[in-house]
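Colleague: I am new to this structure and would like to go through it with you by question and answer. Could you show me the sequence and the model before we begin?

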Amino acid sequence: KEREKTIAHVDVDPRVQENVSRLVKGKSKKNDVIEIVGSPSSVQGSGNDEVYTYSSCISSAQVNTFSGTKSQQNCKQLTIILDKATEVLKGASFQPYQ
């Protein structure tokens with residue numbers, strides 16, 4: 001059985017993953033992206049593309065017997081690329097960041 005292809009490349013918050021998986025490359029439009037994923041953290045132009053960036057961090061506590069409790073952050077950045085002229089989704093990817 002062939003494994004289903006997804007847009008995401010790294011583990012992310014399952015709710016975000018589920019929302020992004022509803023977007024269809026080549027069909028979803030800018031309005032769909034905003035409705036499904038929300039307003040981006042930043043918007044940039046790059047040639048014929050419009051790049052939406054979403055950044056989020058999930059904090060967790062890690063307990064170690066010897067050193068006590070440590071707070072750990074898992075930060076991910078979602079990048080969505082849209083065609084400026086047609087406002088159609090060209091691609092999306094998740095990347096870890098510090």
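Colleague: Is aspartate 49 buried or exposed?

Modeller: This is a predicted model, and every value I give is computed from it. The relative accessibility of aspartate 49 is 17%, and a residue counts as buried when that value is under 20%. Aspartate 49 is therefore buried.

Colleague: With which residue does aspartate 49 form a salt bridge?

Modeller: Aspartate 49 belongs to strand β2, and its partner, 41 residues away in sequence, belongs to strand β4, so that the pair links distant parts of the chain. The closest N and O atoms of the two are 2.6 Å apart. That partner has a relative accessible area of 37% and is partly exposed; the residue is lysine 90.

Colleague: How many salt bridges does the structure hold?

Modeller: As a general point, side chains of opposite charge can pair when their charged atoms come close. Besides the bridge between lysine 90 and aspartate 49, lysine 30 pairs with glutamate 50, their closest N and O atoms being 3.1 Å apart. Glutamate 87 and lysine 30 also meet through their side chains, at 3.6 Å from N to O. The number of salt bridges in the structure is three.

Colleague: Which residues do salt bridges that share partners join into one network?

Modeller: Lysine 30 has a salt bridge with glutamate 50, and lysine 30 also has a salt bridge with glutamate 87. Lysine 30 is therefore a partner in both bridges. The network is made up of Lys30, Glu50 and Glu87.

Colleague: How many residues apart in sequence are the parts that lysine 30 and glutamate 50 tie together?

Modeller: The two form a salt bridge in which the closest N and O atoms are 3.1 Å apart. Lysine 30 lies in helix α2 while glutamate 50 lies in strand β2, so the pair ties together parts of the chain whose separation in sequence is 20 residues.

Colleague: Is lysine 30 buried or exposed?

Modeller: Lysine 30 is in helix α2, which covers residues 30-37. When neighbours within four places in sequence are left aside, lysine 30 is in contact with Glu50, Tyr52, Leu82 and Glu87. Its relative accessibility is 16%, and the limit for this class is under 20%, so lysine 30 counts as buried.

Colleague: What is the value near which phi of glutamate 87 lies?

Modeller: Glutamate 87 sits in the loop between β3 (68-83) and β4 (89-96), and with a relative accessible area of 30% it is partly exposed. In general, most residues other than glycine have a negative phi. Glutamate 87 is a residue other than glycine with a positive value, and its phi is near 60°.

Colleague: Valine 88 is found in that loop too, so how far apart in space are the C-alpha atoms of valine 88 and aspartate 32?

Modeller: Valine 88 counts as buried, at 15% relative accessibility. Apart from neighbours within four places in sequence, the contacts of valine 88 include Gly26, Lys27, Ser28 and Lys29. Valine 88 and aspartate 32 are 56 residues apart in sequence, and their C-alpha atoms are separated in space by 9.4 Å.

Colleague: Which elements each supply at least two residues of the largest nonpolar core?

Modeller: As a general rule, nonpolar side chains in soluble globular proteins tend to be buried together. The largest nonpolar core here has 12 residues, among them Val33, Ile36, Tyr52, Tyr54, Leu78, Ile80, Leu89 and Phe94. The elements that each supply at least two residues of this core are α2, β2 (49-64), β3 and β4.

Colleague: Is glutamate 35, which is found in helix α2, buried or exposed?

Modeller: The C-alpha atoms of glutamate 35 and asparagine 19 are separated by 9.8 Å, the two residues being 16 apart along the chain. The relative accessibility of glutamate 35 is 67%, and a residue needs over 50% to fall in this class, so glutamate 35 counts as exposed.

Colleague: What pattern does the protein follow when read along the sequence?

Modeller: Buried residues make up 30% of the 98 residues in the protein. Its secondary structure comes to two helices and four strands. Read along the sequence, these elements follow the pattern α-α-β-β-β-β.

Key
Residues numbered from 1 in each chain as written. Predicted model: local features only at pLDDT ≥ 70, side-chain atom pairs only at ≥ 80, totals over all residues. Heavy atoms only, no water. Buried < 20%, exposed > 50% of the residue type's maximum accessible area, 1.4 Å probe, protein only. Contact = heavy atoms within 4.5 Å. Core = buried A, V, L, I, M, F, W, Y, C linked by side-chain atoms within 4.5 Å. Salt bridge = Lys/Arg side-chain N within 4 Å of Asp/Glu carboxyl O.
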